[in-house]
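Please walk through the structure shown below, with attention to its backbone geometry, its nonpolar cores and one helix pair.

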Amino acid sequence: MALLRYTWLLTLLALKCVQADFKVSTQDLKIQLNHPVSFNLSLTKPLPHDGSVMVKIDVQHPDLLSTSPSSFNITTNQTEWIIHVKSLAAGHSTLTANVTPSNITDFSQAFVRVTIEKSDTLYHISAVVGWIYFLAWSISFYPQIYSNYKRKSVVGLSFDYLSLNLVGFLMYALFNCGLYWIPEIELEYFSRYPKGLNPVQVNDIFFSLHAVFATAVTVTQCFIYESGNQRVSTTARIIHGIFTTFILISLILSFARIIQWLDFLYYCSYVKLSITLIKYVPQAFYNYRRKSTVGWSIGNIFLDFTGGILSMLQMILNAYNYDDWESIFGDPTKFGLGFFSVAFDIFFIIQHYVLYRYVDEKMIDLKGRV
């Protein structure tokens, strides 16, 4: 039995040694509409086969682009070919090299993700808009921190909102750091989406960790400065209990290998999305109950409003540039969350400048009431 296993192992190693690999010069190609480009398809070693081998370039969306050649035979010792790509319409597509017979070569990495844009100018405008809203959202934490420091008080800041915000950003940071820095989880992602890109970028890591830090600083201020009789409400505690139970069960299932760690991170992101939907409600209700926005920084709202508007603008620009309106209407979660946040920001602005504009801090007692 041991000899049989050893023989099989040697056979597999021998096949691996003789197997040739197809590679592409780039797996991500960005082209403008009606501007042909090319990439190289190459072999790492000659094919271990005496007969003819056919290579076919499969196009995911043939209405968006075409290739030349679309197929060819390998009958010589040639190991590199130039594949010309012609764009027909804006959008996203994938080119995949398929080899016949398939058992003599590994062509799993011979694919190219192609993005066809209408205008390179729109691409750069979108990038600038992205950086502006990234900065706006990153800075938006500090007006509240400065206001608390200047007043030496956190009266007016909802503890329910703050606690939900902290948990939400912790879940977001856990998702980003796990998928970006843990190789095993990244491998799980690529095994599930072999032609995909890691959705987490460096700026996502920075923003989420910075958001946890800034929110933690604000929470610390609640223990230092005057807070009146504020506390985390029973409703918020129940919500936190539900989220905690959900995450603990997911964690146990991950350790027991019933679900993958990638699924655990996805569950963390679902908690973040749920919190984003409800976190503004406690602050809006707290302002209504007090009939005041004193202690709730309007600078935070303007920056959050700016970030939300620009985030939706970038999605619209990209949808037009890549003719990809399904990214908004087919999967409305991100756009809907941005719209939801902007709607609450407008409501907060109305509370501050219209409904409770004549209330100043001298009219507020230690319990936060007018």
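Is K152 buried, partly exposed or exposed? The model is a predicted one, and in it K152 has a relative accessibility of 41%. Partly exposed residues are those between 20% and 50%, so K152 counts as partly exposed. The residue sits in the loop that joins helix 3 and helix 4 (159-181). Its phi is positive, about 55 degrees, although K152 is not a glycine.

R257 also has a positive phi without being a glycine, with a value near 65 degrees. This residue belongs to the loop between helix 7 (234-255) and helix 8 (261-278). With a relative accessible area of 74%, R257 is exposed.

Two cis peptide bonds come next. One runs from S68 to P69, with omega near -5 degrees; P69 is in the loop between strand 5 (65-68) and strand 6. The other runs from T100 to P101, with omega near 0 degrees, and P101 is placed in the loop between strand 8 and strand 9 (105-106).

The strands lead on to the nonpolar cores. The largest core has 26 residues, and F22, F39, L41, V55, L95 and V114 have the most contacts inside it. Two or more residues of this core come from each of strand 1 (20-24), strand 2 (28-32), strand 3 (37-43), strand 4 (53-59), strand 6 (71-74), strand 7 (80-87), strand 8 (91-100) and strand 10 (111-117). F39 serves as an example: apart from neighbours within four places in sequence, F39 is in contact with V24, S25, T26, L29, W81, I82, I83, V85, L95 and V112. A second core, separate from this one, has 18 residues, including L179, Y189, L265 and Y266.

The last topic is a helix pair. Two packed helices are described by the angle between their axes and the distance between the axes. For helix 3 (residues 142-151) and helix 6 (residues 202-224), the angle is about 20 degrees and the axes are 10 Å apart. Angles under 35 degrees count as roughly parallel, so helix 3 is roughly parallel to helix 6. The crossing of helix 3 past helix 6 is left-handed.

Which residues meet where these helices pack? Helix 3 contributes Y142, Q144, I145, N148 and Y149, and helix 6 contributes H210, F213, A214, V217, T218 and Q221. Sorted by class, this contact of helix 3 with helix 6 has six nonpolar residues, five polar ones and no charged ones.

Terms used:
Residues are numbered from 1 along each chain as its sequence is written. This is a predicted model: local features need pLDDT of at least 70, side-chain atom pairs count only at pLDDT 80 or more; totals for chains, interfaces and linings use all residues. Side-chain values use heavy atoms; hydrogens and water are left out. Axes are lines fitted to C-alpha atoms, for helices over the stretch in contact, and angles run from 0 to 180 degrees between N-to-C directions. Helices (H or I, at least four residues) and strands (E, at least two) are DSSP runs, numbered from the N terminus. Angles under 35 degrees count as roughly parallel, over 145 as roughly antiparallel, 65 to 115 as roughly perpendicular and the rest as oblique. A crossing is left-handed if the near helix is turned anticlockwise from the far one by less than a right angle, and right-handed if clockwise. Contact means heavy atoms within 4.5 Å. Ala, Val, Leu, Ile, Met, Phe, Trp, Tyr, Cys and Pro count as nonpolar, Asp, Glu, Lys and Arg as charged, and the others, Gly among them, as polar. A nonpolar core is a set of buried Ala, Val, Leu, Ile, Met, Phe, Trp, Tyr and Cys residues joined through side-chain atoms within 4.5 Å. Buried means under 20% relative accessible area, exposed over 50%, partly exposed in between (1.4 Å probe, protein chains only).
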